[in-house]
Amino acid sequence: MDQVKKEKYYFTTPIYYINARPHIGHAYTTVACDILSRYYRDIKGEKVFFLTGTDEYGQKVEQAAKEKGMSPKDHADAMVGNFKDLWKKLNIKNDAFIRTTDEGHKKVVQEILTQLKDKGEIEKRKYSGWYCVPDERFWTEKDLKDGNCPDCGRPVEHIEEENYFFLMSKYQQKLIDYIENKKDWEFIQPEMRKNEVLGFLKNNKLDDLCISRPKSRLSWGIELPFDSEYVTYVWFDALINYYSATKYINSDEKWWPATCHLIGKDILTTHSVYWSTMLMALDWELPEQIFAHGWWMMEEEKMSKSLGNVVDPLDLVEEFGVDAFRFYLFRNSMFGKDASFSYEGFKKTYETELANDLGNLLSRVLSMIQKYGVEYQKNYIDDELEDKSFKGSLDFIDNCYKELDFYNILERIWLHVKAANTDIEFNKPWVLAKEDPQKLAEFLSKSFYWIRIIAGFLYPFMPETSSRMRQQMGIFDLKTKDLLDPNIEISFDKINKGEPLFPKK
Ligand code: MSP
């Protein structure tokens, strides 16, 4: 696929429902966005806007607040900290945090509603259908599965009322053509998900979308600007966050359209169908890409609050540290596919790959340099080593970033970690120390070169570890992007070998 050269990058996570405490599934998308942003911003020096936030309206929030005897806004204010605190703990460097209860967001949503109504894209109709309260979605009789919600299997209520509809159905063919013909940058990724959406659009008649809820049933939402008896359907308001943030939070540049919406596979339809047709109706640009990742599973079951099998990222961070957590997520999953969490697997990754492979490599190389008192010489790093090995990996990794193939980035980095360890066994520097000091200096210069490159490659995934490596190597004043500059001046004078990167548990 041809890739377009971009001048700026705008990445988004879904905005999370504030009701539940964040778990590993939420952390997965947010860390992925952080990795992408750190790569493009801090390593490539590009302009980046990374947005995350919370989805705060709707029936579930209203109900939860009522149970606690609080107003929905007070409840939201109390819950939003769970997300903000976790992102801080996980070293997430987002540029903005949007809350759908922000006044600025509300204003943009109402402007969009007015615009669509004026353009004749919204109509009031009598409606009767089946409503799933927990999912806040209407279904037709034929959609139901054994009389229950086809999505979550829970009972539905029969409801008859007047509502406002967005005339989504008329965009069906236009959307199919758009998905099929977009060439420079695939609209929906991975391929399997694109085919799923196309299959759905080609085999079903798209309905119009009910975008209002009467206040008599739900009052916790953004009021329709043209009818004060109604509030906006929560998904209609939530999707607009991706646009509204570029208007009232970060409006210094033209950030819209987004480079990539990172989402989980369960919210692909709302993004690829609802959001895209809303933008088509407005005559606005569509996001360049929507990437739907897989789920973290617990023994074959999706992790979810209702099943009570969620993994709390804080427990893992507490025990193993933030970078081990960030690393585990992408070392043990393929971003587009489901992955299975296990505590044993986590421990194994920590011990073998982090403590042994990476931690020992750094510590061995630095101890030997200090012990033998050798000096770094740039001319030991021959062109062939740089051109073939380093530049090849740099290009490979850059391409993986374009495809959000985090797994293969780490796989490639680990090839270098392992090769550097094997080289030590093979070259036996402790023998060279006695027999050939010149060769020893050459060997340790090359080893040092590789740990610097590894620290650079690892930075987006493990920023703290990368910085600790830099500290111990005595190159802490080096800018992140210079870690990957092979021609930088190096000296061994400031090496300061410290605590193990990943202490044995
Ligand atoms: N509020 C909506 C999104 C609106 S975006 C305009 C929402 N929120 S959510 O909190 O329920 O879910 C947010 C994301 O978490 C979704 O992308 C979902 O796929 C993801 N995950 C929830 N459980 C997950 C796993 N077990 N594994 C991976 N991701 C999962 O939906």
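Aromatic pairs number 47 in this structure, which is a predicted model. One of them joins Tyr-242 and Trp-275 in a tilted arrangement, with 6.3 Å from centre to centre and 55° between the planes. Because Tyr-242 belongs to helix 8 (residues 241-248) and Trp-275 to helix 9 (residues 268-282), this pair ties together parts that lie 33 residues apart in sequence. Both Tyr-242 and Trp-275 are buried.

Aromatic rings also meet charged side chains. Arg-412 sits over the face of Phe-396, 4.2 Å from the ring centre, and Arg-125 lies over the face of Phe-165 at 5.4 Å from the ring centre.

Attention now turns to the ligand. It is surrounded by 24 residues, the closest being Ile-15, Asp-55, Gly-264, Asp-266 and Trp-296. Three of these names return in the polar contacts described here. A polar side-chain atom of Asp-266 comes to 2.4 Å from an oxygen atom of the ligand, while a backbone N or O atom of Gly-264 is found 2.9 Å from a ligand oxygen atom. On the nitrogen side, a polar backbone atom of Trp-296 lies 2.8 Å from a nitrogen atom of the ligand. Of the 670 Å² of accessible area that the ligand has on its own, the protein covers 94%.

Two or more residues of the surrounding shell come from each of strand 1 (8-17), helix 1 (24-43), helix 7 (234-239), helix 8 and strand 12 (260-264). Strand 1 gives the most, with four residues. By character, the shell divides into 13 nonpolar, eight polar and three charged residues. Helix 8 thus appears twice in this account, as a contributor to the ligand shell and as the helix that holds Tyr-242.

Definitions and conventions:
Residues are numbered from 1 along each chain as its sequence is written. This is a predicted model: local features need pLDDT of at least 70, side-chain atom pairs count only at pLDDT 80 or more; totals for chains, interfaces and linings use all residues. Side-chain values use heavy atoms; hydrogens and water are left out. Rings of Phe, Tyr and Trp (its six-membered ring) pair if their centres lie within 6.5 Å; planes under 30 degrees apart count as stacked, over 60 as edge-to-face and the rest as tilted. Buried means under 20% relative accessible area, exposed over 50%, partly exposed in between (1.4 Å probe, protein chains only). A charge sits over a ring if NZ of Lys or CZ of Arg is within 6 Å of the ring centre and within 35 degrees of the ring normal. A residue is near a molecule or strand if one of its heavy atoms lies within 4 Å of it. A polar contact is a pair of N or O atoms within 3.5 Å; within protein, one must be able to donate a hydrogen and the other to accept it, and residues adjacent in sequence count only if both atoms are side-chain atoms. Accessible areas come from the Shrake-Rupley method with a 1.4 Å probe; for residues, only the protein chains shown count as cover. Ala, Val, Leu, Ile, Met, Phe, Trp, Tyr, Cys and Pro count as nonpolar, Asp, Glu, Lys and Arg as charged, and the others, Gly among them, as polar.
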